[in-house]
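Thanks for coming, everyone. Have a look at the chains on the screen, and then I'll talk you through them.

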Number of protein chains: 2
Amino acid sequence: MATIPDTAAQLQSLVTAEGELHLSIAQVAVPQPKEDQVLVQVGAAPINPSDLGLLFGGADMTAAVASGTPDSPIVRAPISPPVLAALAGRVGQSLAVGNEGAGVVVAAGSSPAAQALLGRTVALLGGAMYSQYRCVHVSQCLVLPEGTTAEEGASCFVNPLTALGMVGTMRLEGHTALVHTAAASNLGQMLNKLCLADGVPLVNIVRKSEQAELLRSQGAEHVCNSSEPTFMADLTDALVATGATIAFDAIGGGRLAGQILSCMEAAANATAKEYSRYGSTTHKQLYIYGGLDRGPTELVRNFGMAWGIGGWLLMPFLQRVGPEEAEHLRERVAAEITTTFASSYTARVSLTGALTLDAIADYGRQATGSKYLVTPNA
Amino acid sequence: MATIPDTAAQLQSLVTAEGELHLSIAQVAVPQPKEDQVLVQVGAAPINPSDLGLLFGGADMTAAVASGTPDSPIVRAPISPPVLAALAGRVGQSLAVGNEGAGVVVAAGSSPAAQALLGRTVALLGGAMYSQYRCVHVSQCLVLPEGTTAEEGASCFVNPLTALGMVGTMRLEGHTALVHTAAASNLGQMLNKLCLADGVPLVNIVRKSEQAELLRSQGAEHVCNSSEPTFMADLTDALVATGATIAFDAIGGGRLAGQILSCMEAAANATAKEYSRYGSTTHKQLYIYGGLDRGPTELVRNFGMAWGIGGWLLMPFLQRVGPEEAEHLRERVAAEITTTFASSYTARVSLTGALTLDAIADYGRQATGSKYLVTPNA
């Protein structure tokens with residue numbers, strides 16, 4: 001095991017009062033773990049869509065400029081006044097970024113629980129993972145099966161628990177099948193594997209034929225391409241076949257959310273026995289969990305009165321099911337991290353590599369099929 | 001008590017397979033009440049916004065043409081193909097209309113419960129109230145206090161129970177104050193009286209200054225005019241003052257629903273202590289219960305992730321609270337029908353009078369301050 005340095009590198013995001021984003025690599029003190037803490041040398045941390053809000057602060061990254069040195073790059077980008085107004089709470093604080101990651105425990109506090117983790121590879125959800133070292137409470141560590149690498153364990157929380165949370169929400173709210181948009185994403189492929197493993201009917205919505213092919217090659221039965229002229233009819237057929245009355249939407253803006261509800265209504269009415277003046281009594285629910293399209297959500301309300309749309313986040317779901325169930329879900333992820341919940345990456349970058357304009361332009365697009373892994377100690 | 005005829009008049013609405021709406025007055029048999037039934041001579045039945053869907057069948061009433069005779073008028077209006085497609089379940093059936101009304105029990109079945117209602121004025125929610133006679137089960141009758149007229153009791157259900165349902169939903173879902181749009185409507189004025197009586201903070205949204213004046217003259221404390229340039233700031237102030245985090249929206253289309261959520265978020269953040277990257281954790285809920293604007297609902301999603309929008313209807317609310325609580329609510333309405341739950345009307349029409357093009361154009365506008373009462377036996 002290497003010597004632990006006094007200071008180490010950490011990626012930070014700062015929003016200035018003047019409306020500028022500064023991304024930089026800071027040297028921060030490496031803490032001594034207290035009794036119930038461990039120090040993790042971070043091996044790998046993914047760049048998830050849910051990291052980009054904190055990282056970019058809503059700045060216009062197409063106008064980003066690079067300065068600094070290769071070892072200490074600085075990226076600056078302008079933030080528009082209305083966006084800046086909403087960020088008042090973070091102005092002037094240089095924030096560490098990175099929701100999740102994995103690494104090896106290189107130092108531990110005196111408690112037996114902490115000592116037991118020495119040398120183990122653990123996954124963490126705790127923020128500031130784009131750092132060379134993270135000191136956390138033992139209870140934050142998800143211990144990975146022996147032989148699992150940090151890269152294999154880097155994405156144990158956000159995508160796996162989100163996929164489990166979607167299926168869990170579906171069950172909690174009395175639905176038996178679900179719809180997912182942007183379904184060829186890393187998360188979407190994982191949800192497809194999970195639904196196949198658990199026998200949950202899933203309707204995948206994509207917008208390109210190669211994405212449909214990819215999901216079908218992974219066993220998906222229902223894939224609808226929103227770019228096809230037959231999309232609404234195809235989706236309605238898939239909804240009749242599966243009975244899906246809940247959808248999870250990564251896109252948010254535009255008309256797709258309303259179209260899904262319309263097709264659910266059409267599917268409900270296709271099997272209805274009598275006319276109901278307020279539309280079908282089947283409750284149709286759609287949760288927006290992402291914002292790939294930041295534009296307005298436009299609902300053409302032709303789906304009766306039994307419907308709901310709302311925001312969905314992982315943390316409130318975990319609070320809703322309670323700590324015991326949340327722990328069961330985490331244990332399942334650890335056990336299946338190289339199978340059901342395996343992630344794949346298209347690029348690996350160091351902390352400084354994550355701050356090149358080329359890399360930012362690439363992972364900032366959130367394009368399906370492109371997924372970055374930060375390796376802070378590589 | 002007058003002799004009961006064998007047949008009597010009933011307003012009916014028919015959608016033809018060719019896409020035409022036919023409104024007419026049919027002569028239908030007057031039934032003999034069975035053991036637990038009573039026959040009610042309908043004295044008065046309101047035309048509520050919730051009656052217009054069944055009545056008009058989505059037809060273009062601006063293109064309506066009148067024919068028939070003064071005693072037997074027929075109104076025809078075209079229905080566009082997409083609307084017609086959604087009406088498949090009712091094509092070819094001449095449907096009776098009128099959700100609620102009140103009248104005198106003029107005949108009763110043999111059971112003591114039925115006999116006890118002879119001569120009483122009762123309110124009914126049962127459809128087909130634009131009829132001279134309605135035969136219903138005794139359990140459908142809400143017996144009004146002695147001395148109450150049919151006109152006073154005509155609107156016992158839709159508006160009073162909707163107002164009670166809004167306050168009830170607010171409580172069930174953990175909110176302590178509420179927002180209402182189109183707040184100077186008959187329903188809105190009733191909700192204002194109810195909230196004042198029950199000490200529930202209410203934020204009224206109107207779009208004209210005279211509507212604001214009307215509500216203020218009736219004791220409303222918080223009235224925001226969406227036509228004012230300061231609307232968003234005014235609304236945010238009222239939301240901070242009341243803590244309202246649930247809204248009931250009669251309008252549906254356009255940007256107002258999203259603006260309410262935005263102002264709720266601004267109000268939540270005005271009192272928040274730290275920056276949260278996903279917006280405030282305060283759940284913000286908006287229910288669309290009407291469709292004064294049938295256009296798309298446009299949500300500019302600048303209100304974080306803790307939000308929900310959905311359809312709201314009275315009947316699912318009553319099912320949700322259960323029969324015992326629903327009965328309590330009905331009894332309260334009967335007891336306060338000339339005070340808290342009193343309605344006022346701007347026009348009274350006979351069954352044939354309801355089918356003149358002038359009347360249709362007037363009540364079809366659903367204009368605030370205009371409210372029709374049908375008096376089938378006048």
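I'll take the contact between the chains, then the symmetry, then the sheets, then the salt bridges.

Some ground rules. This is a predicted model, where local features need pLDDT of at least 70, side-chain atom pairs count only at pLDDT 80 or more, and totals for chains, interfaces and linings use all residues. Residues are numbered from 1 along each chain as its sequence is written, chains are lettered from A and ligands numbered from 1 in the order in which they are written, and side-chain values use heavy atoms, with hydrogens and water left out.

First, the contact. Chain A puts in 35 residues and chain B puts in 34 residues. Contact here means heavy atoms within 4.5 Å. Together the chains bury about 2,700 Å², and 59% of that lies on carbon and sulfur atoms. Buried area is the accessible area, taken with a 1.4 Å probe, that two parts lose on being put together, summed over both.

Which elements give two or more residues to chain A's side? They are α1 (49-56), β15 (252-254), β17 (293-299) and β18 (307-311) of chain A. Helices (H or I, at least four residues) and strands (E, at least two) are DSSP runs, numbered from the N terminus. The largest share, seven residues, comes from β17(A). By type, chain A's side splits into 16 nonpolar, twelve polar and seven charged residues. Nonpolar means Ala, Val, Leu, Ile, Met, Phe, Trp, Tyr, Cys and Pro; charged means Asp, Glu, Lys and Arg; the others, Gly among them, are polar.

How many salt bridges are there between chain A and chain B? Zero. For that count, a side-chain nitrogen of Lys or Arg must lie within 4 Å of a carboxyl oxygen of Asp or Glu.

Strands also meet across the contact. β18(A) joins β18 of chain B (residues 307-311) through three bridges, running antiparallel. Strands count as paired if DSSP finds at least two bridges between them. A:I309 has B:I309 as its bridge partner in β18(B).

Now the symmetry. A turn of 179° and a shift of 0.0 Å along the axis lay chain A on chain B with an RMSD of 0.1 Å. The two copies are therefore related as by a two-fold rotation axis. The same surface serves both: 97% of the contact residues of chain A recur in chain B. The superposition is by least squares on C-alpha atoms of residues with pLDDT of at least 70 in both copies.

Next, the sheets. In chain A, five strands form an open antiparallel sheet, ordered β4-β5-β2-β1-β6. β4 (65-68) and β6 (95-96) of chain A are at the edges with a single partner strand each, so one side of each has no neighbour in the sheet. Inside, β2 (residues 20-29) and β5 (residues 73-78) of chain A run antiparallel, joined by five bridges. A:H22 stands opposite A:R76 in β5(A).

Chain B has an open sheet of five strands in the order β4-β5-β2-β1-β6, with antiparallel pairing. There, β1 (residues 7-15) and β2 (residues 20-29) of chain B pair antiparallel over nine bridges. B:Q10 stands opposite B:A26 in β2(B).

Last, salt bridges. The whole structure has 22 over all chains. One pairs A:D198 with A:R332, with the closest N and O atoms 3.0 Å apart. That pair links distant parts of the chain, 134 residues apart: A:D198 in α6 (residues 186-198) and A:R332 in α11 (residues 323-335) of chain A.
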